[in-house]
Amino acid sequence: MPLLAFDHVDATYGQARILHGVTFHVDPGERVAVLGRNGVGKTTIVNTLCGVADIQAGAIVLGGERHTSPRHYLAARSGIAIVLQGRGILPNLTIEENLLLGASVDRPGRWDLGAVYDLFPILGERRQSPGLGLSGGQQQMLAIGRALMANPNLLVLDEPSEGLAPVIIDELADLFRRLADEGTAIMLIEQNIGLIQRVASRYYVLSKGTVVESGDLAGMTTQQLQDHITI
Amino acid sequence: MLIQVLNGIAYGGLLYLLAVGLVLIFGLREIVNFAHGALFMLGSYIGFSIAAVFNFWLGLAGSLVAMTVIGIFLDAAVLRPLRKHDHMVTVLVTFGILLVLEAFATAVWGKSFRSMSAPDLLSGTVQIAGEPFPVYRLFVIGVSLCVAAGLTAWLRFSRVGLYVRASSVDPTTTAILGVDTDRLSLIVVGLGTGLAGLSGVVAAPLMALSPTMGNYILIESFIVVVVGGLGSFSGALAAALLIGQIHNFGAIYLPWASTMLPFLLMVGVLIWRPTGFAGKRT
Ligand SMILES: Nc1ncnc2c1ncn2[C@@H]1O[C@H](COP(=O)(O)OP(=O)(O)OP(=O)(O)O)[C@@H](O)[C@H]1O
Ligand SMILES: [Mg+2]
């Protein structure tokens with residue numbers, strides 16, 4: 001049974017229909033990429049999952065249960081942690097408080113403050129300082145660490161490489177692979193081909209709010225992937 | 001002079017009790033609750049009625065409990081169902097609730113002013129710096145400071161307090177991280193409304209009870225919230241104490257302008273610092 005599936009989802013913001021019949025799924029332990037150009041609706045998939053965009057047709061399926069009007073916290077409480085585009089750091093909270101927010105779902109597992117500080121020592125060193133004082137890469141670490149605090153079965157990442165230096169992107173790629181090896185499924189929404197190739201095994205291409213192609217990454221050349229993103 | 005400062009603190013304390021409820025509700029539901037002054041008024045009358053049969057202390061406790069329950073109901077029955085609508089719709093609905101509560105109070109308690117006296121324990125005066133000062137006002141100051149200290153500790157050190165602080169800046173992200181903001185909102189609106197009830201009873205011996213008694217103090221509480229910085233709890237405390245002093249000294253030295261001064265302060269602060277003392281959110 002998939003951890004997360006979209007079943008022919010049409011989604012809107014107010015009157016604007018952004019997603020048209022979007023269908024995909026992520027199985028336990030899988031590494032799935034969603035790619036597409038700017039503005040095709042990638043973030044809207046995330047927003048639909050967390051009830052920010054409205055489902056007009058179809059349904060999202062979490063652990064076998066269909067939902068057509070999910071509350072914001074449903075995904076997190078179902079074991080799906082989301083790293084939002086723009087990271088969503090709470091500026092009035094310290095680094096440690098931001099991390100504790102991730103643990104609000106009370107799911108048991110190996111991730112706690114100590115484990116996150118082992119993974120990202122810089123967060124531990126600065127635990128009492130405000131989250132906004134961090135560099136872009138450190139903020140991304142905080143957002144990822146906070147998602148891990150939920151001990152998720154599935155980690156959804158919306159363009160985690162945005163604005164980061166190549167060396168940091170490499171570290172993220174290793175981290176995502178490691179997490180997947182340890183059993184956490186990864187859904188990587190990205191435009192960075194290198195990161196997609198290093199992390200994902202399966203992909204979906206989104207164009208104008210519709211899934212236009214999907215398959216295994218193994219047979220794909222870099223050029224073929226590039227063609228889906230740059231036009 | 002010291003007496004006047006204490007008077008200002010007592011009034012500022014009342015403003016704080018109301019303003020902090022507005023901040024709590026604004027943080028989670030992102031709406032300005034126009035019914036808050038009417039809830040203060042209702043709390044006052046409930047305390048008055050209970051005190052008439054039993055005593056002041058039961059009136060205080062009874063109003064706090066009753067208004068908390070009413071707040072929980074307000075969130076579950078009104079604010080939550082309206083969350084998908086434009087915030088303006090909800091704000092107008094809270095304005096409607098204000099009118100309904102005023103009509104209700106008029107029907108039950110009548111239009112004429114009622115008064116409630118302080119309990120025997122708190123009546124009389126004490127000498128402060130050689131001048132008499134009403135014991136009851138010290139009580140008002142004490143209650144406000146206790147609430148401020150309790151609330152601050154709760155926000156800073158408890159798990160739920162962390163969630164409240166997070167959602168007062170970004171309720172959507174907080175919920176996406178897994179915080180059950182529906183349950184949190186019941187707690188927060190219940191607490192905010194309960195505090196409105198508490199301040200209504202605490203204020204009752206200081207002012208005449210009438211169905212419109214909450215209107216002016218609500219406007220000053222709005223000013224406190226704006227000056228303190230929308231969504232800021234510590235900012236609200238600082239602003240309430242400041243406006244309490246302005247209210248009081250204005251009435252003594254500039255009586256013709258006294259109701260205008262808080263507005264002038266607000267305009268000044270908004271020009272100098274558009275997000276208020278501690279504001280982060282635009
Ligand atoms: N809150 C909103 N209200 C209305 N329209 C929106 C909203 N958010 C996004 N859109 C529109 O929906 C479309 C898809 O946006 P979305 O953010 O999903 O794209 P994206 O694929 O994530 O782009 P990017 O790669 O730049 O992050 C865009 O045309 C955008 O203008
Ligand atoms: Mg996006």
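Q: Ala, Val, Leu, Ile, Met, Phe, Trp, Tyr, Cys and Pro count as nonpolar, Asp, Glu, Lys and Arg as charged, and the others, Gly among them, as polar. How do the residues of the shell around ligand 1 divide?

A: Three are nonpolar, seven polar and three charged. Before going on: this is a predicted model, where local features need pLDDT of at least 70 and side-chain atom pairs pLDDT 80 or more, while totals for chains, interfaces and linings use all residues. Residues are numbered from 1 along each chain as its sequence is written, chains are lettered from A and ligands numbered from 1 in the order written, and side-chain values use heavy atoms, with hydrogens and water left out.

Q: Which residues of the shell are the closest to ligand 1?

A: A residue is in the shell if one of its heavy atoms lies within 4 Å of the molecule. Here 13 residues surround ligand 1, and G39(A), K42(A), T43(A), T44(A) and E159(A) are the closest. Helix α1 of chain A, residues 42-49, gives the largest share of that shell, three residues. (Helices are DSSP runs of H or I with at least four residues, strands are runs of E with at least two, and both are numbered from the N terminus.)

Q: Where should I look for polar contacts to the ligand, say at G39(A)?

A: For a ligand, look for a pair of N or O atoms within 3.5 Å. At G39(A), a backbone N or O atom sits 2.8 Å from an oxygen atom of ligand 1. E159(A) uses its side chain instead: an N or O atom there is 2.7 Å from a ligand oxygen. Now find Q191(A), where a polar side-chain atom lies 3.1 Å from an oxygen atom of ligand 1.

Q: On to empty space: how much of it lies in the largest pocket?

A: Both open and closed spaces come from a 1 Å grid over the protein atoms alone: a cavity is a set of points where a 1.4 Å probe fits but cannot get out, a pocket is an open set with protein on both sides within 12 Å along at least five of seven lines, and lining residues have an atom within 4 Å of a point. Points are joined across faces, edges and corners, and the volume is what probe spheres set on them fill. The largest pocket has about 520 Å³. It is lined by 22 residues, and the closest to its centre are H72(A), E30(B), R83(B), H87(B) and T172(B). In chain B, α1 (2-29), α4 (87-109), α7 (171-176) and α8 (181-203) each supply at least two residues of that lining. With three residues, α7(B) gives the most. By class, the lining of the largest pocket has seven nonpolar, seven polar and eight charged residues.

Q: And how many cavities of 30 Å³ or more does a search of the whole structure find?

A: Two. The largest holds about 50 Å³, and its lining draws on both chains: A76(A), A81(A), I82(A), G102(A), R146(A), A147(A), A150(A), I176(B) and L177(B). Two or more of these residues come from each of β6 (80-83) and α6 (136-148) of chain A. Seven residues of this lining are nonpolar, one is polar and one is charged.

Q: What lines the second largest cavity?

A: I9(B), G13(B), Y16(B), S144(B), L145(B), A148(B), L237(B) and L241(B) do. In chain B, α1, α5 (135-157) and α10 (233-253) each give two or more of them. The space is about 40 Å³, and its lining has six nonpolar, two polar and no charged residues.

Q: What kind of aromatic pair do F34(B) and F222(B) form?

A: Rings of Phe, Tyr and Trp (its six-membered ring) pair if their centres lie within 6.5 Å; planes under 30 degrees apart count as stacked, over 60 as edge-to-face, and the rest as tilted. There are 12 aromatic pairs over all chains. F34(B) and F222(B) are edge-to-face, 5.2 Å centre to centre with 70 degrees between the planes. F34(B) lies in the loop between α1 and α2 (36-53) and F222(B) in helix α9 (residues 214-228), both of chain B, so the pair ties together parts 188 residues apart in sequence.

Key: A polar contact is a pair of N or O atoms within 3.5 Å; within protein, one must be able to donate a hydrogen and the other to accept it, and residues adjacent in sequence count only if both atoms are side-chain atoms.
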